[in-house]
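Visitor: Please show me the model, and then let me ask about the terms used to describe it.

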Amino acid sequence: MPFRDTEVARQLQVFGFAHLRRAAQDAVAGLEHGFGQLIRLPSDGRPEERVTEFDILTGLPALGSVARSAWVRGICEAYFGRRHRVITSDANALVGDSYWHSDGFYNTPFLRFVLYLDDTARDTGALRFLPGSHRADNGWTGDPTRHVIRHREDLGLAGGDVPAVVVESRPGDVIVFDTNVMHAAWHGDVRRQLAFNCVGEPETEAEQLDTRRYFLNRYVSGSVLIG
């Protein structure tokens, strides 16, 4: 791999996200085939709204192999500082915009590994991030988050004009991010996405509670916690 686990972990700590080019290149064919078995798209290829299937690692062995890979383990253990577990997985046919949000500001860190089966660019639904917004101790919870979510009313900006880092990707790339980080996708049509979420083995009652809450919240679309 053209990256080191510790370097990726440091990028996650500083920015809240990292782009791993070609990290899953060998799995693309299997992922393509498996996605088609999990989600049947209409004949025109465009569902009217987002389609999601959860808990897919057993039914999609190629993604299970990625989730169990040595480089995923290395990144997780470098970031969490302990052994990790995969707690949820999902396949998505995404349609249209994904508005600015965090997956919840938790004191316990969680990582999401995302693989797109279609090219994504600035004008075709690429993920974009607000660097450092995963750090609750930087004051991101509360007003800054509210202003970004209310970008048009409070900032006078369209969602795609909020200053951000756009991570364009190709099949075989992996985007990993701390799920506290503010993120969105704009100007996209249908994008096929696969993902799994990881956490360090909980060691305290608070971490166990956060993990249970996070697991349940993954099944509620649009679940966002603002401080």
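Guide: What follows is a set of questions on how certain labels apply to this predicted model.

Visitor: Why is His19 called buried?

Guide: His19 has 18% relative accessibility. The cut-off for buried is under 20%, so His19 counts as buried.

Visitor: Where does His19 lie, and what stands opposite His19?

Guide: His19 lies in strand 1. In strand 8, Ile175 stands opposite His19.

Visitor: What makes strand 1 and strand 8 a pair?

Guide: Two strands pair if there are at least two bridges between them. Strand 1 and strand 8 (residues 174–178) have four bridges, in the antiparallel sense, and therefore they pair.

Visitor: How do you know that both faces of strand 1 are covered?

Guide: On one side of strand 1 (residues 17–20), Phe17 and His19 are buried, and on the other side Ala18 and Leu20 are buried.

Visitor: What makes the link between the side chains of His19 and Asp173 a polar contact?

Guide: The distance is 3.0 Å, and the limit for a pair of N or O atoms is within 3.5 Å. Asp173 is also among the residues in contact with His19, along with Val167, Glu168, Ser169, Val174 and Ile175, when neighbours within four places in sequence are left aside. Val167 is 148 residues from His19 in sequence, with a C-alpha to C-alpha distance of 7.2 Å.

Visitor: What is the order of the strands in the open sheet, and what makes strand 1 and strand 2 its edge strands?

Guide: The sheet has six strands in the order 1-8-5-10-3-2, with antiparallel pairing. Strand 1 and strand 2 (51–54) are the edge strands, as each pairs on one side only. From one strand to the next, the twist averages 20°.

Visitor: How many bridges join strand 3 to strand 10?

Guide: Strand 3 (residues 84–95) and strand 10 (residues 190–200) run antiparallel and are joined by 11 bridges. Val190 in strand 10 is the bridge partner of Val95.

Visitor: Which strands does helix 1 touch where it packs on the sheet?

Guide: Helix 1 touches strand 1, strand 5 (110–116) and strand 8, and its direction makes about 145° with that of strand 1. As for helix 7, it lies across strand 3, strand 5 and strand 10, and runs at about 20° to strand 3.

Visitor: Why is helix 1 called oblique to helix 4?

Guide: Helix 1 (residues 5–14) and helix 4 pack at an angle of about 50°, and their axes are 8 Å apart. Roughly parallel needs an angle under 35 degrees, and roughly perpendicular covers 65 to 115. The angle belongs to neither class, so helix 1 is oblique to helix 4. The crossing of the two helices is right-handed. Helix 1 contributes Asp5, Thr6, Val8, Ala9, Leu12 and Gln13 to the contact, and helix 4 contributes Trp71, Gly74, Ile75, Ala78 and Tyr79.

Visitor: Which residues of helix 4 are buried, and what follows the helix?

Guide: In helix 4 (residues 70–80), the buried residues are Trp71, Val72, Gly74, Ile75, Cys76, Tyr79 and Phe80. Gly81 follows helix 4 and has a positive phi, near 75°.

Visitor: Why is His134 called buried?

Guide: His134 has a relative accessible area of 5%, and buried means under 20%. His134 is therefore buried. The residue is found in the loop between strand 6 (127–129) and helix 5 (143–149). Its side chain reaches the backbone oxygen of Gln13 at 2.9 Å. Beyond neighbours within four places in sequence, the residues in contact with His134 include Leu12, Tyr79, Asp178 and Asn180.

Visitor: Why is Glu207 called buried?

Guide: The relative accessible area of Glu207 is 16%. With the cut-off at under 20%, Glu207 is therefore buried. Glu207 is found in helix 7 (residues 205–217). Leaving aside neighbours within four places in sequence, Glu207 is in contact with Arg82, Thr108, Glu201 and Pro202.

Visitor: What makes Leu31 buried?

Guide: Leu31, found in helix 2 (residues 28–38), has a relative accessible area of 2%. Buried means under 20%, so Leu31 is buried. Not counting residues up to four places away in sequence, Leu31 touches Leu60, Ala62, Leu63, Leu115, Leu117 and Leu194. Leu117 is 86 residues from Leu31 along the chain, and their C-alpha atoms are separated by 7.8 Å.

Technical notes
Residues are numbered from 1 along each chain as its sequence is written. This is a predicted model: local features need pLDDT of at least 70, side-chain atom pairs count only at pLDDT 80 or more; totals for chains, interfaces and linings use all residues. Side-chain values use heavy atoms; hydrogens and water are left out. Buried means under 20% relative accessible area, exposed over 50%, partly exposed in between (1.4 Å probe, protein chains only). Contact means heavy atoms within 4.5 Å. A polar contact is a pair of N or O atoms within 3.5 Å; within protein, one must be able to donate a hydrogen and the other to accept it, and residues adjacent in sequence count only if both atoms are side-chain atoms. Axes are lines fitted to C-alpha atoms, for helices over the stretch in contact, and angles run from 0 to 180 degrees between N-to-C directions. Angles under 35 degrees count as roughly parallel, over 145 as roughly antiparallel, 65 to 115 as roughly perpendicular and the rest as oblique. A crossing is left-handed if the near helix is turned anticlockwise from the far one by less than a right angle, and right-handed if clockwise.
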